[in-house]
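Open the model in your viewer and keep the selection tool at hand. We will go stop by stop.

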Amino acid sequence: MEESGISKGKKAFSRRDFFKITGAAGLGSIFATMGNLAAASDKSDSKNSGPVTVPTRPFGKTGVNVSILAFGGSQNLESKQRLLRQAVKMGVTYWDTARTYAGGTSEEAMGKYFDRYPDDRKKIFLVTKTPSSDPDRMTRHLETSLKRLKTSHIDLFFIHRVSDVRDEVNRTTKAWAERAKEKGKIRFFGFSTHKNMEECLLEGAKLGWIDGIMTSYNYRLMHKDSMKRAVDACVEAGIGLTAMKTQAGFFASFYANIGKENETVLKLTERFMEKGFTPEQAKLKAVWENPHIASVCSEMSNMTMLQANVAAAIGKTKLSFQDKRLLEQYARETASGYCAGCANLCESAVEGNIPISDVLRYLMYYDNYGNHEQAVRLFNEIPSITRRRLAGFDYSKAEHLCPQKMPIAKLMGKAVEKFTKYAMG
Ligand code: SF4
């Protein structure tokens, strides 16, 4: 097994030290530092003296190889041109953005970058998304994206947030995609999904003309039989797959007073740090262990996160059987704090189109990602008549059906309270 610089020094790092450091600097800092060290270690071990870059994998049957780590643009990138430059240098050449990200400024910031470094555009596999499946709106949105991104074409164009393929992707969509390809405005077409993912993957595979799908996929979801079947169907259909939401955090603040899972978190942290990587890096590695996942999209908002993720992508240390068991234990113990996106179950159990899984996802953006603005903006897109019903609604039937055994009523109440308070300033 590869020995990293970190693992060599592990004995000096005790549980007490961990608490001391994380207490003073926060988990993010210590993990980021570990990521830097891992990157440096792997570089020094490399026989190749050239720059170490992220490996690539084939993206379905497109004939294109993409970097296994994708730069997630769901953030304000206006002042992050150096971060984009560094991503390219490290081989993170799959860039993901969307019309709606950061109010449109994500696309604009990438466009500013391509304007300044036109040669880099040729290196980038560029993805953007439209929230609409209406052909006229898709055309308008594509034109706006091309202008904002200052590019002649999009490599992969997605319909964003598909939750029912039969409803949202049809023959008209296919004709639209073919026309856009003929005009050279897009190279490939597909959709993203984080709601009813398994059904969407299966239905997408049946269509026979989808090039790529971006789906929620992580150490919690990847072992489900239904997910395995869905991924297999896409592989069979030659669809390129990108994983997102790979950290699959749970509502920690909601469970702050429960001790068991905190112990597992500690065990996870200590174990992975001894091996030279962080739990965050381990969660990425878990996904990359499936060779059918072409790329993992991660929102890396600073250099240390970029370096840590790149270190995970190029590092040769594999997860052991025990590591995977520990991740699975953690997933089990925190299951009731993670929404698995199986909205067909809970939302069909309650009357009146209550978007349970959407609201829980927005709460995750708010709580786990600290992305308050995005969470509240998405929440406010829910019709006000529905929003007013969310708190205090009877979710007992939904809770009964929820395979994760989530306390849906409490979490929905919490979400409404937080989003309303934030919106009121
Ligand atoms: S609340 Fe439960 S049933 Fe509903 S989507 Fe989330 S995990 Fe699935």
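Before the first selection, a word on classes: Cys counts as nonpolar along with Ala, Val, Leu, Ile, Met, Phe, Trp, Tyr and Pro, while Asp, Glu, Lys and Arg are charged and the others, Gly among them, are polar. With that in mind, select the shell around the ligand: 11 of its residues are nonpolar, three are polar and no residue is charged. Bear in mind throughout that this is a predicted model.

Stay at the ligand. Which residues come nearest? Of the 14 around the ligand, they are Cys339, Cys342, Cys346, Ser357 and Cys402. Now colour by element: helix 16 (343-346) and helix 17 (356-367) each give two or more residues to this shell.

Next, select Gly337. It sits in the loop between helix 15 (321-333) and helix 16. Is Gly337 buried or exposed? Gly337 counts as buried because 24 other C-beta atoms lie within 10 Å, and the cut-off for burial is 20 or more. Add Phe250 to the selection. Phe250 and Gly337 are 87 residues apart in sequence, yet their C-alpha atoms are 4.7 Å apart in space.

Zoom out to the whole protein chain. It holds 21 helices and 10 strands. Of its 425 residues, 47% are buried. Take the contacts with a separation of 6 or more: 78% of them join residues 24 or more positions apart.

Now show the strands alone. Eight of them form a closed barrel, in the order 3-4-5-6-7-8-9-10, with parallel pairing. From one strand to the next, the twist averages 25 degrees.

Pick one pair from the barrel. Strand 5 (residues 125-130) runs parallel to strand 6 (residues 154-159), and four bridges link them. For a single bridge, select Val127; its partner in strand 6 is Leu156.

From there, move to helix 10. This helix packs on the sheet and touches strand 7 and strand 8. Its direction makes about 170 degrees with that of strand 8.

Look at the buried side of the story. In helix 10 (residues 197-207), the buried residues are Met197, Glu198, Cys200, Leu201, Glu203, Gly204 and Ala205. What covers them? The cover includes helix 8 (165-168), strand 7 (186-193), strand 8 (212-216) and helix 11 (225-236).

Last stop: step past the end of helix 10. Gly208 follows the helix, and its phi is positive, near 85 degrees.

How values were computed. Residues are numbered from 1 along each chain as its sequence is written. This is a predicted model: local features need pLDDT of at least 70, side-chain atom pairs count only at pLDDT 80 or more; totals for chains, interfaces and linings use all residues. A residue is near a molecule or strand if its C-beta atom, placed from the backbone, lies within 6 Å of it. A residue is buried if 20 or more other C-beta atoms lie within 10 Å of its own, exposed if 12 or fewer, and partly exposed in between; C-beta atoms are placed from the backbone. Two residues are in contact if their C-beta atoms, placed from the backbone, lie within 7 Å. Two strands pair if DSSP finds at least two bridges between them. Axes are lines fitted to C-alpha atoms, for helices over the stretch in contact, and angles run from 0 to 180 degrees between N-to-C directions.
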